[in-house]
Amino acid sequence: HLGYVGIGLQTYATRNRQRVFEERVAAYNLTGWLLKSRHGAIRQGLPEYMERFPDTNGLVCFNDECAAEVLFVLDMLGKRVPEDVAVIGFDDIKLAQLVTPRLTTVRTKTHIRDLGELAANMLLGRIDGNDDNESPITIAYELVVRDSAP
């Protein structure tokens, strides 16, 4: 029984991560729900969703900052992580190692400098009228297993 805790911004990343979550839940015949939050809404919305879906035993979060707030709320609700609910983030920011429990997360295997160079080249190509950048770009990721979802 999984929940996805997203953010309210409608960017490519938010739509894509939510879509992949929904596809995986369907592919494995799992029970899943979505919480699209805005700033501060996790503290209000997550308790309601945990009450509506009491069998939830895993939460996938849009990013590590979102996951850190989820850890805070779960602690307030008396939920043990990962014993009652496993939590996973995305980005592997420094905060992921500083929260308790340390956050299991997904990080890109591509260095940020290389991502910046790729983005700059795509932008310059568009400025020059080159629309060859329409094909999807795949970036390799890896799971960093820590304490929140061993």
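## Loops and cis prolines

Helices here are DSSP runs of H or I with at least four residues, strands are E runs of at least two, and both are numbered from the N terminus. With that settled, P101 sits in the loop between α4 (95-98) and β5 (105-108). The model is a predicted one, so keep that in mind for what follows.

P101 is worth a look for its backbone: the peptide bond joining T100 and P101 is cis, with omega at about -5 degrees. There is also a cis bond from V81 to P82, where omega is near 10 degrees. You'll find P82 in the loop between α3 (64-76) and β4 (86-88).

## How far to trust it

Average pLDDT for the chain is 89, and 93% of the residues score at least 70. By element, confidence peaks in β4 at 98 and bottoms out in helix α5 (residues 112-127), where the mean is 81. As a rule of thumb, where pLDDT is low, the predicted coordinates shouldn't be read in detail.

## Strand pairing around β1

Strand β1 (residues 2-7) pairs with two other strands. With β2 (residues 32-37), the pairing is parallel and runs over six bridges. With β3 (residues 58-61), it is again parallel, this time with four bridges.

L2 gives you a handy place to see both pairings. Its bridge partner in β2 is G32, while in β3 the partner of L2 is G58. If you're tracing side chains along these strands, remember that in a regular strand they alternate between the two faces of the sheet.

## The nonpolar core

Which residues have the most contacts inside the largest nonpolar core? They are V5, L46, L59, V70, L74 and V87, in a core of 22 residues. The elements giving two or more residues to this core are β2, α2 (41-52), β3 and α3. Helix α3 supplies the largest share, with seven residues.

L46 is a good one to click on. Leaving out residues up to four places away in sequence, L46 touches V5, W33, L35, A41, L59, V70, V73 and L74. Among those neighbours, V5, L59, V70 and L74 also turn up in the list of residues with the most core contacts.

## Two aspartates with positive phi

Neither D91 nor D92 is a glycine, yet each has a positive phi: about 125 degrees for D91 and about 55 degrees for D92. D91 is placed in the loop between β4 and α4, and D92 lies in the loop between β4 and α4 as well.

Are these two buried or exposed? D91 has 37% relative accessibility, so it counts as partly exposed. D92 counts as buried because its relative accessibility is 15%, and the cut-off for buried is under 20%.

## Salt bridges across the chain

Side chains of opposite charge can pair when their charged atoms come close. The structure holds eight salt bridges. One of them joins R43 and E69, whose closest N and O atoms are 3.2 Å apart. R43 is in helix α2 and E69 in helix α3, so to speak distant parts of the chain, 26 residues apart. R43 itself is partly exposed, with a relative accessible area of 48%.

D92 comes back here, since the side chains of R146 and D92 meet in a salt bridge at 2.9 Å, N to O. R146 lies in the segment after β6 (141-144) and D92 in the loop between β4 and α4, so this pair ties together parts 54 residues apart in sequence. R146 counts as buried, at 8% relative accessibility, and D92 is buried too, at 15%. The pairing is part of something wider: D92, R107, E142 and R146 are linked in a network of salt bridges.

A further salt bridge has the side chains of R102 and D147 meeting at 3.1 Å, N to O. R102 is in the loop between α4 and β5 and D147 in the segment after β6, so the pair ties together parts that are 45 residues apart in sequence. R102 is partly exposed, with a relative accessible area of 35%, and D147 is likewise partly exposed, at 35%.

Methods: Residues numbered from 1 in each chain as written. Predicted model: local features only at pLDDT ≥ 70, side-chain atom pairs only at ≥ 80, totals over all residues. Heavy atoms only, no water. Pairing = 2+ DSSP bridges. Buried < 20%, exposed > 50% of the residue type's maximum accessible area, 1.4 Å probe, protein only. Core = buried A, V, L, I, M, F, W, Y, C linked by side-chain atoms within 4.5 Å. Contact = heavy atoms within 4.5 Å. Salt bridge = Lys/Arg side-chain N within 4 Å of Asp/Glu carboxyl O. pLDDT = per-residue confidence, 0-100.
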